[in-house]
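User: I am new to this structure and would like a close look at one part of it. Could you walk me through the side of one chain that touches the other, and what lies behind it?

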Amino acid sequence: MENGEEMELIRELLYNSGEPLSEFYRWLHKAWAGFSVPPVFLDLMIQFAVAAAVFGFVAVNALWIIYYERKFSAKLQIRIGPNRVGPLGLLQTVADTVKLLIKEDINPSKVDRVVFILAPGIVFLGTFLTMLVIPFGNGLIAADLSIGILYILAVSGLAVIGLLAGGWASNNKYSLMGGMRSAAQIVAYEIPVLVVILGIVMLAGTMKMGGIVEAQAGYRWFVIYQPIAFLIFLIAANAEINRAPFDLPEAESELVSGFITEYSGMKFAFFFLAEYTNLFIVSAVAVTLFLGGWEGPFFPPFVWFIIKTYAVVTVLMWMRWTFPRIRVDHLMQFSWKYLLPIALVNLLVTAIVIKFI
Amino acid sequence: MEQKTAFEIQELTSDEYVLSMGPQHPATHGVLRILLRMDGEVVVNLQPDPGYIHSSIEKICENRKYDQVMPYTDRMDYLSAVSYNLAYALAVEKLMGLEVPNRGRHIRVILAEMNRIMSHLLWFAAYGIDMGALTPIWYAFRERENLITLIEMQTGNRLTHHALRIGGVKNDLPTGFVEGLNKFLENFNDMVDEYEALFIDNVIFKARTKSIGVLKKENAISYGVTGPNLRASGCDIDLRKLAPYSGYENFSFEVCSEKNGDSWDRCKIRMNEMRQSASILRQAIDTLPEGEISAKAPKIIKPTPGGCYAKVEGPRGEVGAYVVSAGTDKPYRVKFRSPSFSNLSALNEMCAGVKIADLVAIMGSLDIVIPEIDR
């Protein structure tokens, strides 16, 4: 039965580890089985609940991270930052979101309507799906796939389609240029990231996100063995999510707003949400791959994971608010001429060391 | 019939397209429209299309009395209002044969140099935004705010301050002004050093500005480029040294010049000019003479018929005012020479074959002010 196979796969995804979340699934399964609910129904419900939890986290995290960036940049820029809405301006992002929600949904008359509306959804989908394999704590992971890191690379590639589609559908020269830039940029920087991650996978011997963290147990964090790889990852990943100094697709002073020029209201909010969630994801992946994931003394694993992730987020923000924007051909050169060769040499050295030592 | 722009008439090849940059664009520093003939990201050709905020100031001046013209001159270069004030005042004083007392001339120099620093600081801030660095603007504005506060003490206004009058200045320096200026100058040089290290000497910044937008000396001269942009091309012409006015001959300062004429040189010059202006300000405070601040100008100014041209070195280059009198109480004709207009005309020379990002970097390094072009 095809349906049965699918369900097996879902169970495989859900229950394959002996960790707390799976325990919770099993417990739920037993409890509901007592009411003679069909298991298919039950699995779907659990899936739904997990999806809702992830979505909730994405939304709340984006709210917080935007507030954090505004306050952080204010500190760098001798300003105060938001301080009017709510205590310490904490509700500023909420107010902004509400404003975006109730704004008129404008579709300019000359846009390619279907693609124009789909594009923000695709961008957000890519981001949201990546969130599923982020290991927040020991077993606290929505789906610990055996190919976790490969899945992240694959799904984050979806964003290119969304950005390019948005740029094309806007029927605006600036948008198109932004879309083209983002496609070139993301493809160029995905390759160094991939090569760097290969080295980590070789060290860890697994592509499972949880497995990679466990391979670093006992404070043998991979950043110690792979410092160059860590730097390359930070730079390339920062470029991949289009943040300054690599924010060419939406370079304000050149392309007005790049691919989001024609977007407003909720559609703009989706791009924005995806952008800030991407920032979190990149940092979370950096923590998982290089900084020992949830490992740390005193605090529970989840807290450690968040602390480390926000430390990396802070570094990325610091970069953003300090550097001028890089030029488009320099950007390409930097990836193909410097990052990729260094990453390849790094991979080769790693392979030789693993083989002979 | 609708007027066609040059690019619409010219035929484009199949690879090219026309991009209309502005009048609403974040990098054009106001309402300037630039028609770009593009091949992908590369600018093949461009044509500035100014005139969107034309305010016909020169025409208005013909219907105002001589002293009523002065506030209008503020509005052309709102970043350094004193330079146009000064050019106009010098032209009218020359027509009338009026001699400004020493203290008045000194205060004019102080105000002009403060305006120069303010204008260069704002250029620094805006150039940061052009280059995608969003932080320099706040640092530059912090320094600029100190100066604006002092100017506000002196004139009552912050931006278009209408500080000068024909024959001198409106107000004497208020109490606390000299102390405030001294306090500002105390650590201003350190600040400039810091901003230069943070931004102008940044690796990315250098890669984006060095040997980009090169303006050769011959071209600069033939386009009538003046000010820091001309000095960056290896031509150390500064009207404060070449044709001293308002007592500039009494101050010692260096004319900053560079050789290559690229965007980076233009940036370097402005940073150095801020240091020089600070030095002039220090000297001016130390040697402030006592006495009248303004010559006794008649209530109704009626110069003898004739024309007079006066030029001053503004932050952007040669600011000139040509005033023609017909013997009445209103000028027959007032013509302003604005440096930004000539500087902008050289843009095409510098931008052939550059990327659109470079175009923004070059245009920012020219430091144009739109109301001055569209006066």
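Here is a guided look at that part, followed by a few words on its surroundings.

Analyst: Happy to help! Please keep in mind that this is a predicted model.

Let's begin where the two chains meet. There, 24 residues of chain B are in contact with 24 residues of chain A. On the chain B side, five elements each supply at least two residues: strand S1 (17–21), helix H5 (102–130), helix H6 (136–155), helix H9 (203–209) and helix H16 (356–366). The most comes from H9(B), with 4 residues. Sorted by class, this side of chain B has 15 nonpolar, 4 polar and 5 charged residues.

Two of these helices deserve a closer look. Take H16(B) to start with, which is mostly covered: 11 of its 11 residues are buried. Among them are Ile356(B), Asp358(B), Gly364(B) and Leu366(B). Just after H16(B) comes Asp367(B), which takes a positive phi of about 60°.

Now turn to H5(B), another contributor to the side that touches chain A. Ile110(B) is found in this helix. Is Ile110(B) buried or exposed? Ile110(B) counts as buried because 23 other C-beta atoms lie within 10 Å, where the cut-off for buried is 20 or more. Leaving out residues up to four places away in sequence, Ile110(B) touches Leu281(B) and Ala284(B). How does Ile110(B) sit relative to Gly364(B), a residue of H16(B)? The two are 254 residues apart along the chain, and their C-alpha atoms are separated by 27 Å.

Next, the nonpolar interior. The largest nonpolar core has 190 residues, and those with the most contacts inside it are Phe233(A), Ala286(A) and Ala87(B). Helix H13 of chain A (residues 265–290) gives this core its largest share, 16 residues. Phe233(A), for its part, is in contact with Val193(A), Val196(A), Ala286(A) and Phe290(A), once its neighbours within four places in sequence are set aside. Another core, of 6 residues, lies apart from the largest one, and its members include Met177(A), Met180(A), Leu255(A) and Val256(A).

Finally, a word on the partner chain as a whole. Chain A has 15 helices and 0 strands, and 44% of its 357 residues count as buried. Of the contacts in chain A between residues at least 6 apart in sequence, 77% join residues at least 24 apart.

Notes
Residues numbered from 1 in each chain as written. Chains lettered and ligands numbered in written order. Predicted model: local features only at pLDDT ≥ 70, side-chain atom pairs only at ≥ 80, totals over all residues. Contact = placed C-beta atoms within 7 Å. Nonpolar A, V, L, I, M, F, W, Y, C, P; charged D, E, K, R; others polar. Buried ≥ 20, exposed ≤ 12 C-beta atoms within 10 Å, placed from the backbone. Core = buried A, V, L, I, M, F, W, Y, C linked by C-beta atoms within 7 Å.
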